[in-house]
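This report covers the internal spaces, the nonpolar core and a few single residues of one protein model. The sequence and structure come first.

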Amino acid sequence: MTPVFRTLLTSAALLPIAISATAQDLPETSLSVVGSWSNLPLYLNFERKFWEETVPEASGGKITINMTTFNQMGVAGSDVFRMLGDGVFDVGMTVGDYTVADAPELEGLDVPLLATDAASARKMADAAKPMVADIMRDRFNAHMLAIAPYPPQIVFCNAEVASLADLEGKKIRGSGRMTTLFLEALGAEGITMAFSEVPGALERGVIDCAVTGAGSGYASGWFESSTHLVNLPLGGWDPVITAVNLDVWEGLDPAVQAFLTEQAKTGFEDPAWDDAAGALARDIACLTGSGDCAAGAPASMTLVELSEADQARAVEVLESTILPDWAERAGGDWSQRWNETVGAALGVSIAN
């Protein structure tokens, strides 16, 4: 890692413990930051604003930012934290589910169907933070700085769908391993596919359906190759983790640590979670034409609201199949830690 990158991450990585740093306390610092998908709302409305505007302005110009995104770099989302740990850049952001091949225990951050609104999704993420912090340190040589959400991950289909039973036999791209296992438990064929490949695959009939956030699907034009929108959070909320290279983090001035920790919560996490509360309704309006769409021209997808019986079946599959499978793959004491944190927060328990 170059001295400049080390200085950069040092100023972004240290999380304050209890004190609030003022701009005059801060040493001059430059940070290299890699954000998530450059065309999606989380980056456009929150990540970019936070790093390129909030941090420099609140620091009185003491902290300067050099920012790009992993897709602009031509890097896979699954490689971001590996490269971060190696010191290629100072701060990195990617979807937690993208990295579970390296850290299967990280799947416990975003369990499908547990959180049906933004408030419960944030409760789930906040409860998981101690686990995520340990995973980032031990697996990726990184310090966790923030967790922010995409909207709930729902299902786009290019064929008529009216119930969970209609997903049986269909080829469906999942948004993570848990989601894919869940779809397979319903009798669908779970497909692993890069986000950018989905519209073409839907158009050609290579897949029948795909799971992503409603806003992400709108921004990426999935409505042009799909007709039905199943409003059930089968893919969870795809939280994006912001982390700092651990070596850089540990070398940061305490004032910079305190400043970045405070700003990450108030200037990034809080606004992103507050926006998530109304994002699904806004995004569905854009995808279906059922209301005003400030993001652009509305589409005309058919919205499918599943019955209470379907929702109950989905939760039963989660509890009987998906969570025990994750506990076995994660190994160690992760199921117990999950029960004591996320499970306790949301009233769910994995049987040991």
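## Histidine 228

The model is predicted. Among residues more than four places away in sequence, histidine 228 is in contact with Val155, Phe156, Cys157, Ala159, Glu160, Val161, Met301, Thr302 and Val304. Histidine 228 belongs to strand S9, which covers residues 228-230. Its relative accessible area is 13%, and the limit for a buried residue is under 20%, so histidine 228 counts as buried.

Two polar approaches involve the side chain of histidine 228. One is a polar contact with the side chain of threonine 227, at 2.8 Å. In the other, a polar atom of the histidine 228 side chain lies 3.5 Å from the backbone oxygen of alanine 159.

## Cavities

The structure has two cavities of 30 Å³ or more. The largest cavity has a volume of about 80 Å³. Its lining is made up of 14 residues, and those nearest the centre are Tyr98, Gln153, Phe195, Thr212 and Asp238. By class, the lining of the largest cavity holds seven nonpolar, five polar and two charged residues. Strand S8 (residues 209-213) contributes the most to this lining, with three residues.

The second largest cavity encloses about 30 Å³ of space. It is lined by Leu109, Asp110, Ala121, Met124, Ala125, Trp237, Pro239 and Trp273. Seven of these lining residues are nonpolar, none is polar and one is charged. Here helix H5 (residues 118-140) gives the most, with three residues.

## Pockets

The largest pocket has a volume of about 500 Å³. It is lined by 20 residues, and Ser78, Asp97, Tyr98, Thr192 and Met193 are the closest to its centre. The lining of the largest pocket comprises nine nonpolar, eight polar and three charged residues. Tyr98 is named among the residues nearest the centre of the largest cavity and also among those closest to the centre of the largest pocket.

The second largest pocket has a volume of about 400 Å³. Of its 21 lining residues, Pro41, Asn45, Asp275, Arg282 and Asp283 lie nearest the centre. Two or more lining residues come from each of helix H2 (41-58), helix H8 (214-219) and helix H10 (254-288). The largest share, seven residues, is from H10. The lining of the second largest pocket divides into 15 nonpolar, two polar and four charged residues.

## Nonpolar core

The largest nonpolar core contains 118 residues. Within it, the residues with the most contacts are Trp51, Val132, Met136, Leu167, Ile241 and Trp338. H10 is the element that gives the most to this core, with 13 residues.

With neighbours up to four places away in sequence set aside, tryptophan 338 is in contact with Gly108, Val111, Leu114, Met131, Leu323, Trp326, Gly343, Ala344, Val348 and Ile350.

## Isoleucine 135

Isoleucine 135 is located in helix H5, the helix that gives the most to the lining of the second largest cavity. Is this residue buried or exposed? The relative accessible area of isoleucine 135 is 2%, so it is buried.

Beyond four places in sequence, isoleucine 135 is in contact with Ala103, Glu105, Leu106, Phe140 and Trp334. Alanine 103 is 32 residues away in sequence, and the two C-alpha atoms are 7.4 Å apart.

## Asparagine 39

Asparagine 39 sits in the loop between strand S1 (29-35) and H2. Its relative accessibility is 32%. Buried residues are under 20% and exposed residues over 50%, so asparagine 39 counts as partly exposed.

Apart from residues up to four places away in sequence, asparagine 39 touches Leu44, Ala219 and Ser220. The side chains of asparagine 39 and serine 220 make a polar contact at 3.3 Å. The C-alpha atom of asparagine 39 is separated by 9.9 Å from that of glutamine 72, which is 33 residues away along the chain.

Conventions
Residues numbered from 1 in each chain as written. Predicted model: local features only at pLDDT ≥ 70, side-chain atom pairs only at ≥ 80, totals over all residues. Heavy atoms only, no water. 1 Å grid on protein atoms, 1.4 Å probe; cavity = no way out; pocket = protein on both sides within 12 Å on 5 of 7 lines; lining within 4 Å. Points joined across faces, edges and corners; volume = space filled by probe spheres on them. Helix = DSSP H or I, 4+ residues; strand = E, 2+ residues; numbered from the N terminus. Nonpolar A, V, L, I, M, F, W, Y, C, P; charged D, E, K, R; others polar. Core = buried A, V, L, I, M, F, W, Y, C linked by side-chain atoms within 4.5 Å. Buried < 20%, exposed > 50% of the residue type's maximum accessible area, 1.4 Å probe, protein only. Contact = heavy atoms within 4.5 Å. Polar contact = N/O pair within 3.5 Å; in protein donor to acceptor, adjacent residues only side chain to side chain.
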